[in-house]
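User: I would like to go through some of the labels given to this structure and ask what each one rests on.

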Amino acid sequence: MTDPSSTAAPALTRDDVAHLAHLARLELTDTELDLYLDQLTVILDSVAAVTEVAAADIVPTTHAVPLTNVSRADVLRPGLSRDAALAGAPAAEDGQFRVPQILGEEQ
Amino acid sequence: MTAAGATPDLPADLTRASAADLAAGIAGGTVSAVEVAQAHLDRIAAVDPGDRGVHAFLHVSGDLALEQAAAVDAARAAGRTAASPLAGVPLALKDIVVQQGAPATAGSRILEGWMPPYDATVTTRLLEAGVVILGKTNLDEFAMGSSTENSAYGPSRNPWDLDRIPGGSGGGSAAALAAFEAPLAIGTDTGGSIRQPAAVTGTVGAKPTYGGVSRYGVIALASSLDQVGPCARTVLDTALLHEVIAGHDPRDSTSIPEPVPSVVDAVHRGRADGVAGMRIGVVRELGGEGYQPGVLDSFRAAVAALEAAGAEIVEVSCPHFRYGLAAYYLILPSECSSNLARFDAMRYGLRVEPAAGQPVSAETVMSATRGAGFGAEVKRRIILGTYALSAGYYDAYYGSAQKVRTLIKGDFDQAFGAAGGGAGCDVLVSPASPVTAFRLGEKVDDPLAMYLNDLATIPGSLAGIPAMSVPSGLAADTGLPVGLQIMAPALGEAAMYRVASAFETLYVAEHGSTVPLSVPELVVNP
């Protein structure tokens with residue numbers, strides 16, 4: 001990725017888009033990469049306007065309404081049954097989700 | 001309109017009746033809930049055949065709906081009082097709210113055929129109130145869009161002109177109302193997905209205060225913005241539905257533990273007392289460039305009508321609103337890129353194997369599945385969000401956007417507050433959508449042009465305040481509906497509904513009927 005300290009809004013490259021798609025676990029075709037590079041460049045140019053007014057002394061707002069963390073009483077209550085939880089799975093076996101290999105051969 | 005308790009004269013075509021009148025008719029024995037449900041199912045079959053016609057529905061739950069209606073009739077026959085003021089009334093549920101027994105897609109291929117294993121709190125409350133759920137309505141994929149053209153299942157069409165968009169993301173719910181397929185609908189609003197569809201279809205839609213309605217069982221888009229809300233053809237029906245679905249839910253940690261504002265009372269007050277003595281602010285920045293002349297004319301006429309009815313009109317300036325769109329299109333993609341990480345092809349939904357020759361691992365399967373299962377707008381926003389949250393860019397983009405959010409909240413505080421030179425407004429008004437319904441395909445290749453549809457609705461979303469759209473009439477330049485947006489301070493829904501109700505009353509007095517009842521007869525070619 002381009003050095004963020006060089007300019008306020010560095011130009012996005014095709015490799016950047018491919019890298020971001022990889023980080024997001026999102027397979028893109030070459031056509032999509034070209035299209036999104038063009039479109040994201042235009043969008044980023046537009047949204048960069050936020051930096052014009054975001055002075056250092058402004059407190060960021062994460063939620064519009066003040067929130068406090070909520071906890072519930074530590075009491076047992078029914079959850080989803082195993083069958084219900086597995087019913088929508090792409091693959092299940094022996095009452096468990098069946099997933100592709102997670103670790104590499106050498107691990 | 002009928003007084004409480006009296007049995008109304010229902011129209012011969014039950015689908016043209018209001019929810020309030022249908023409920024009174026069912027409670028009074030004039031008509032059964034099953035007859036009402038069947039009339040609406042017949043209407044859906046006539047105007048919504050498959051993906052032709054209006055295409056408001058992705059799934060019609062005919063059997064479930066008739067069962068729910070029969071239960072309402074049985075309860076009445078057994079002498080029990082109605083479960084709610086909407087018992088027996090049919091409703092269209094946006095397909096991002098889960099209901100057991102009906103597939104939930106969120107408009108995405110990645111969830112095609114998924115049957116949710118539980119009910120959303122909103123669904124539970126509707127069913128407990130005796131509301132009859134007709135089916136699931138179309139939307140832009142994961143609620144990302146302003147036209148329903150981002151739905152993986154094809155767009156819905158505007159009943160005012162089938163070549164035009166019904167708005168989005170909740171275009172299916174709005175189209176169902178405007179096409180008389182249902183008198184009530186549920187929407188969700190992240191940046192305008194209830195209000196903009198309401199505006200362009202000439203219906204009513206309200207986004208409650210953030211946290212006003214539980215989001216348990218609602219597929220998440222942007223968690224600091226998402227809110228569920230009621231949609232209908234009249235302000236009273238919208239308020240009745242609001243009171244059914246709103247209120248604290250311990251299963252949603254953002255749910256506000258406060259009593260629900262009395263919005264039905266506020267509607268009656270708006271009818272009886274109008275807006276006399278209310279202070280209504282016109283937001284200078286929500287008009288002018290980017291707004292269609294016919295929309296601005298209709299808006300100005302609405303403001304003049306409110307002034308003539310005794311409201312004090314003041315112009316207010318909200319200088320930071322011009323940064324709202326930019327902030328929104330950083331905050332939303334950031335949050336959605338995180339929320340949509342749950343679609344990993346392991347626990348539910350689609351699973352696609354990588355292309356031949358590639359290793360098969362959890363990672364490559366996830367990547368191939370998301371590449372095949374997500375549509376273009378979802379991919380764009382995931383990449384944009386991943387970028388905005390990445391090291392080195394977080395402060396410049398996401399951090400700055402959150403500061404803009406503070407500035408926009410400050411603008412609203414000035415407009416609503418009386419202290420420190422504030423304008424002291426009870427509500428603020430603006431057009432809800434800058435344009436009337438545009439043609440299908442017109443903006444689909446230009447994401448930035450599409451984003452501009454949310455220009456007027458985004459500031460209220462970023463501030464978490466309640467806001468609604470009520471029809472202000474038809475634009476002189478296109479002959480299509482225009483929405484009047486009414487915004488109120490957090491938990492100030494009563495003032496918002498009072499103004500909406502007063503305006504609707506003024507409109508009916510002048511024009512003889514509400515906007516939805518003046519829609520041209522829908523012709524669907526077989």
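The turns below take up salt bridges, aromatic pairs, charges over rings and a surface patch in what is a predicted model.

User: Why are A:Arg14 and A:Asp34 called a salt bridge?

Analyst: The side chains come to 2.6 Å, N to O. The cut-off is 4 Å between a nitrogen of Lys or Arg and a carboxyl oxygen of Asp or Glu, so the pair qualifies.

User: What parts of chain A does the pair A:Arg14 and A:Asp34 tie together?

Analyst: A:Arg14 belongs to helix α1 (residues 14-23) and A:Asp34 to helix α2 (residues 30-47), so the bridge links parts that are 20 residues apart in sequence. A:Asp30 also takes part, in a salt-bridge network with A:Arg14 and A:Asp34.

User: Are A:Arg14 and A:Asp34 buried or exposed?

Analyst: Neither label fits. A:Arg14 has a relative accessible area of 32% and A:Asp34 has 36%. Buried requires under 20% and exposed over 50%, so values in between are called partly exposed.

User: What makes B:Arg300 and B:Asp297 a salt bridge, and where do they lie?

Analyst: Their N to O distance is 3.1 Å, and the limit is 4 Å, so the label holds. The two residues are 3 apart in helix α9 (residues 293-308) of chain B, a separation of about one helical turn. B:Arg300, at 51%, passes the 50% mark and is therefore exposed. B:Asp297, at 42%, does not pass that mark and is partly exposed.

User: How many salt bridges does the rule give over all chains?

Analyst: The count is 17. B:Arg109 and B:Glu112 also form a salt bridge, at 3.1 Å from N to O.

User: How many aromatic pairs are there, and why is the pair B:Tyr329 and B:Tyr451 given the label it has?

Analyst: There are 15 aromatic pairs over all chains. For B:Tyr329 and B:Tyr451 the ring centres are 3.8 Å apart and the planes are at 10 degrees; pairing needs centres within 6.5 Å and stacking needs planes under 30 degrees, so the pair is stacked. B:Tyr329 is in helix α10 (residues 324-339) and B:Tyr451 in helix α14 (residues 447-451), so the pair ties together parts of chain B that are 122 residues apart in sequence. Relative accessible areas of 2% for B:Tyr329 and 3% for B:Tyr451 are set against a limit of 20%, so both residues are buried.

User: What makes the pair B:Phe343 and B:Tyr348 edge-to-face?

Analyst: The planes are at 70 degrees and the centres 6.0 Å apart. Edge-to-face starts over 60 degrees, and the centres must lie within 6.5 Å, so the label follows. B:Phe343 is buried at 4%, while B:Tyr348 is partly exposed at 21%. Both belong to one aromatic cluster with B:Trp114, B:Phe142 and B:Phe374.

User: Which charges sit over rings, and at what distance from the ring centre?

Analyst: B:Arg16 has its charged end over the ring of B:Phe180, 4.4 Å from the centre. B:Lys443 lies over the face of B:Phe438, at 4.2 Å. The distance limit is 6 Å, so both values meet that part of the rule.

User: Why can A:Val99 count towards a surface patch?

Analyst: A:Val99 has 35% relative accessibility, and patch residues need over 30%, so the accessibility condition is met. The nonpolar patch, about 370 Å², is made by A:Val99 with A:Phe97, A:Ile102 and A:Leu103. A:Val99 itself is in the segment after β2 (96-97) of chain A.

Key
Residues are numbered from 1 along each chain as its sequence is written. Chains are lettered from A and ligands numbered from 1 in the order in which they are written. This is a predicted model: local features need pLDDT of at least 70, side-chain atom pairs count only at pLDDT 80 or more; totals for chains, interfaces and linings use all residues. Side-chain values use heavy atoms; hydrogens and water are left out. Helices (H or I, at least four residues) and strands (E, at least two) are DSSP runs, numbered from the N terminus. Buried means under 20% relative accessible area, exposed over 50%, partly exposed in between (1.4 Å probe, protein chains only). Patches are made of residues with over 30% relative accessible area and no salt bridge: like charges are joined within 9 Å, nonpolar side chains (Val, Leu, Ile, Met, Phe, Trp, Tyr) within 5 Å. Accessible areas come from the Shrake-Rupley method with a 1.4 Å probe; for residues, only the protein chains shown count as cover. A charge sits over a ring if NZ of Lys or CZ of Arg is within 6 Å of the ring centre and within 35 degrees of the ring normal.
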